[in-house]
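Student: Got a minute to go through this model with me? I'd like to start with the ligand.

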Amino acid sequence: MPAEAVFIDLLTDSGTGAMSDRQWSALMRGDESYANARSWFHFRDAVQSFTGMEFILPTHQGRAAENILFSELSKPGRIVPSNNHFDTTRANCEFYGAEALDLVIPEGKDPHSTHPFKGNIDLGRLEDLLKKDRDKVPVCMCTITNNTGGGQPVSLENIKQASAICRKHGVPFFLDACRFAENSYFIKQREEKYSSWTIEKIAKETFSCADGATMSAKKDGLSNIGGFLAVRDRKLYESFSNALILREGFLTYGGLTGRDLEALAVGFEEVMDEAYLASRIGQVAFLGEMLRERGVPFLEPPGGHAIYLNALEAFPHIKREEFAAQSLCAALYLEGGIRGVEIGSLMFGKTDAAGNFVPSPMELVRLAIPRRVYTESHMRYVADVAGEIVKNREKYGGYRITYEAPFLRHFTMKLERA
Ligand code: F0G
């Protein structure tokens, strides 16, 4: 389907934001020298300033950083815990043989819980894992905000404690920091202790708990491409450096042009503007309010970058093996030209050894809001369309798979009406 045939595109908030006038002018100053370009130093200084980490490896996007991380640390027999691994993180981790283990708190799996930090790691389970199997764990991840778990934030208290547990057991603690500024804003709003801190100070405190980070800068880098892998330890840096040169490019550009590095350096600064974050996260909350008024079920509370429609409640008449969330996703496009993405059994469902269908615990449709692109009236339109669909739910049926790839099948699979 050509993107031009989409009216409101909520497929992803990744690389789909609008760059500012300052970013566009920064592009013009890109230094395209192969090595040690001026633009690299702008990028590196910007990333060092909020991560506090010495070693920065630029990559063309988040999954390239994950690939480098796991090509060094993942092996069969190992276990990599996280609150929830994002799907590319899980795939990169499992591709090299380790098990990607999700340890989000129970409230994070309850679509009605209004816990303020549903992205938190279950610290008891983390501690138990490390007590029992410390030698199998090469790294612990924490995704901020927790995309797979509904774009929900992780509290600074939880990050500090998870980090302390990892440090006690000598396990490196890494952030998947795609939406670190949005997470920092939630911390400021919801964690009393930090309500008077600036976003920048909260972000720095967050990164101070980590030994390393991967980031897709297509989110909170406010740019259309980019990412990085950052680390404090020189030995790890050296091992990652070889992989970076092999897969992405020289150490000072990764897969990026000088002009990308310039736009990112400005984006990292703009994203921590509290007024920007208030309007950004406020817009997602506004869509939530409109959906609530129209009786459209979604995962409460609204996330930082997206609303996750609850298809098990919206389409209870569709059988689990017929992908209710995919059906709701198709209905949004057919009725309103709105593109979202299924996060349910297409993405996480499995077939067990006996050939039985094992569904994902939830069937969700993610409506991710691009940054600085849409207005309130676009959001009201989306809510109107979703409201009509839910009212007339009996019109919509399920789907079955006709083609799937062995990894990340939801990116390329084909389906037909069941
Ligand atoms: N980690 C998280 C939490 C993500 O949301 C993403 C991307 C990645 C890693 C990978 O980054 O795409 O730059 O390689 N999420 C996009 C999304 C694709 O739509 O949520 P990438």
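Student: Which backbone contact does Gly-62 offer the ligand?

Tutor: A polar backbone atom of Gly-62 is 2.9 Å from an oxygen atom of the ligand. A polar contact is a pair of N or O atoms within 3.5 Å; within protein, one must be able to donate a hydrogen and the other to accept it, and residues adjacent in sequence count only if both atoms are side-chain atoms. One caveat: this is a predicted model, where local features need pLDDT of at least 70, side-chain atom pairs count only at pLDDT 80 or more, and totals for chains, interfaces and linings use all residues. Numbering runs from 1 along each chain as its sequence is written, and side-chain values use heavy atoms, with hydrogens and water left out.

Student: And which side chains have a polar atom 2.7 Å from a ligand oxygen?

Tutor: Arg-63 does, through an N or O atom of its side chain. Asn-147 does too, with a polar side-chain atom.

Student: How much of the ligand's area is covered?

Tutor: The protein covers 95% of the 460 Å² that the ligand has accessible on its own. Those areas are Shrake-Rupley values with a 1.4 Å probe.

Student: Which residues come nearest?

Tutor: Thr-12, Arg-63, Ser-216, Lys-219 and Arg-366, out of 17 around the ligand. Near means that a heavy atom of the residue lies within 4 Å.

Student: What is that shell made of?

Tutor: 2 nonpolar, 8 polar and 7 charged residues. Asp, Glu, Lys and Arg count as charged; Ala, Val, Leu, Ile, Met, Phe, Trp, Tyr, Cys and Pro as nonpolar; the others, Gly among them, as polar.

Student: Which helix gives the most to it?

Tutor: Helix H3 (62–73), with 3 residues. Helices (H or I, at least four residues) and strands (E, at least two) are DSSP runs, numbered from the N terminus.

Student: New topic. Where are the domains?

Tutor: Domain 1 spans 21–270 and domain 2 spans 273–417, with bounds from an automatic or database assignment. Their contact (heavy atoms within 4.5 Å) takes 36 residues from domain 1 and 28 from domain 2.

Student: Any odd backbone spots to check?

Tutor: Two cis peptide bonds, to begin with: Ile-144 to Thr-145, omega near -20°, and Glu-300 to Pro-301, omega near -15°. Thr-145 sits in the loop between strand E5 (140–143) and helix H6 (156–168).

Student: What about Leu-222?

Tutor: Leu-222 has a positive phi of about 50°, yet is not a glycine. Its loop runs between strands E7 (212–216) and E8 (227–231).

Student: Why flag those?

Tutor: Because most residues other than glycine have a negative phi, and most peptide bonds are trans.
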